Amino acid sequence: MSTITVECPAVGELTEGPHWDDVNNRLYFVDIFARRIGRWEPSSNNVETLEVPDASIGSAVLTDKGRLLFAAGHRFGIIDPKTKEIEEVVDVESETRPENRFNDGKCDPSGRYWAGTMGPEPPVVPGGTAQGTLYCLHRNRSVTTHADKIIIANGLAWAQSAMYYIDSLREVIYAFDYEALTGRTSNQRVAIDTSSEPGVPDGMCIDAEGMIWVAFFDGWKIIRYNPTTGTKISEIEFPVQRVTSCCWGGPDLDILYATTARIGLTKEELEAQPTAGSIYTIRGLGVKGVKSNIFIE
């Protein structure tokens, strides 16, 4: 039987993008509008943060040199955790879509960094606008595009010959045929329609059996799906409504780490959900995950 535990209480407003450092046994995450990258040490329960100025930060991943590659605003950048120095890598949308921002991002197993953008926040434009793009930053720092007309680009995951990504407000998980050697994608199709579930799909991860685990913002849960058949396998209920993302971690990659959000909740909702914005662990799931991929500089 699985158990869910609050590990890092109320650590952020819009906590997203968990990334497990399997070398040092640390969890990285972002707090999007606070423009911070967080690092949590489970052994000491210590949390440290790095500021990324000038723009909201959608995601951050480790590199093979121990630095952090991030997607913030319209740009990719790298920050050195020791010196705090930031290196600008490439700007993708400041001239063409200045109102856009990066949202979720993650590395594929070959060391490329994928991240997607979205238009103005849905409260500004009801229902959102389909002007986001899914980008891939290659190891040579060239950028390719793989999908467009996305409302909110979100969760990413890879299997042997397939890649999955979420468009939250379409309530759809898409699949591509994926070539690991080149990063080429083709044959985009709907893998799972989640419109029958409460909330919208947000971040996700994949386990060692090839099943995907999807966090539901305003849905109070994470759902495990078979992405090949579209079948719902199981779900984990949370005491907070805004579950944002998840990743595998721990020494044996058998702990599911989940991020949650406080942003936009009313005073009454926050009183009823005091642990909103916390990091949770789920143990005893009877399955192992795969490690968080890093960017190869």
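Contact, as the word is used on this tour, means heavy atoms within 4.5 Å. With that in mind, begin with the whole protein chain, where residues 24 or more positions apart account for 47% of the contacts with a separation of 6 or more.

What you have open is a predicted model, in which local features need pLDDT of at least 70 and side-chain atom pairs count only at pLDDT 80 or more, while totals for chains, interfaces and linings use all residues. Residues are numbered from 1 along each chain as its sequence is written, and side-chain values use heavy atoms, with hydrogens and water left out.

**The whole chain**

Colour the protein chain by secondary structure, and you should find 1 helix and 24 strands, where helices (H or I, at least four residues) and strands (E, at least two) are DSSP runs numbered from the N terminus. Along the principal axes, the C-alpha atoms of the protein chain fill a box of roughly 45 × 45 × 40 Å. The radius of gyration of the protein chain is 17 Å, which agrees with the value near 19 Å that a compact globule of 297 residues would have; the radius is taken over C-alpha atoms, and the globule rule is 2.2 Å times the number of residues to the power 0.38.

Switch next to a surface view. The accessible surface of the protein chain comes to about 12300 Å², with 49% of it belonging to carbon and sulfur atoms; accessible areas come from the Shrake-Rupley method with a 1.4 Å probe, and for residues only the protein chains shown count as cover. Of the 297 residues, 55% count as buried, a word that means under 20% relative accessible area, whereas exposed means over 50% and partly exposed lies in between (1.4 Å probe, protein chains only).

**Strand β1**

Select T3, which is placed in strand β1 and is partly exposed, with a relative accessible area of 44%. Which residues does T3 touch, not counting those up to four places away in sequence? They are T281, I282 and R283, and although T3 and I282 are 279 residues apart in sequence, their C-alpha atoms are 5.5 Å apart in space.

Move along to T5, which also lies in strand β1 and counts as partly exposed at 33% relative accessibility. Leaving out residues up to four places away in sequence, T5 touches I279, Y280 and T281. Add F238 to the selection as well: T5 and F238 are separated by 233 residues in sequence and by 9.7 Å in space, C-alpha to C-alpha.

**Two loops with a positive phi**

Follow the chain to A10, in the loop between β1 (3-8) and β2 (15-21). The phi of A10 is near 40°, a positive value in a residue other than glycine, and A10 counts as partly exposed at 41% relative accessibility.

Then select N45, found in the loop between β4 (36-41) and β5 (46-51). N45 is not a glycine, yet it has a positive phi of about 60°, and with a relative accessible area of 43% N45 is partly exposed.

**A buried arginine**

Finish at R242, in the loop between β21 (231-237) and β22 (243-249). Is R242 buried or exposed? Its relative accessible area is 14%, so R242 is buried. The side chain of R242 reaches the backbone oxygen of I263 at 2.4 Å. Show the surrounding residues too: apart from its neighbours within four places in sequence, R242 is in contact with F217, D218, T259, T260, A261, I263, G264 and L265.

Conventions. Polar contact = N/O pair within 3.5 Å; in protein donor to acceptor, adjacent residues only side chain to side chain.
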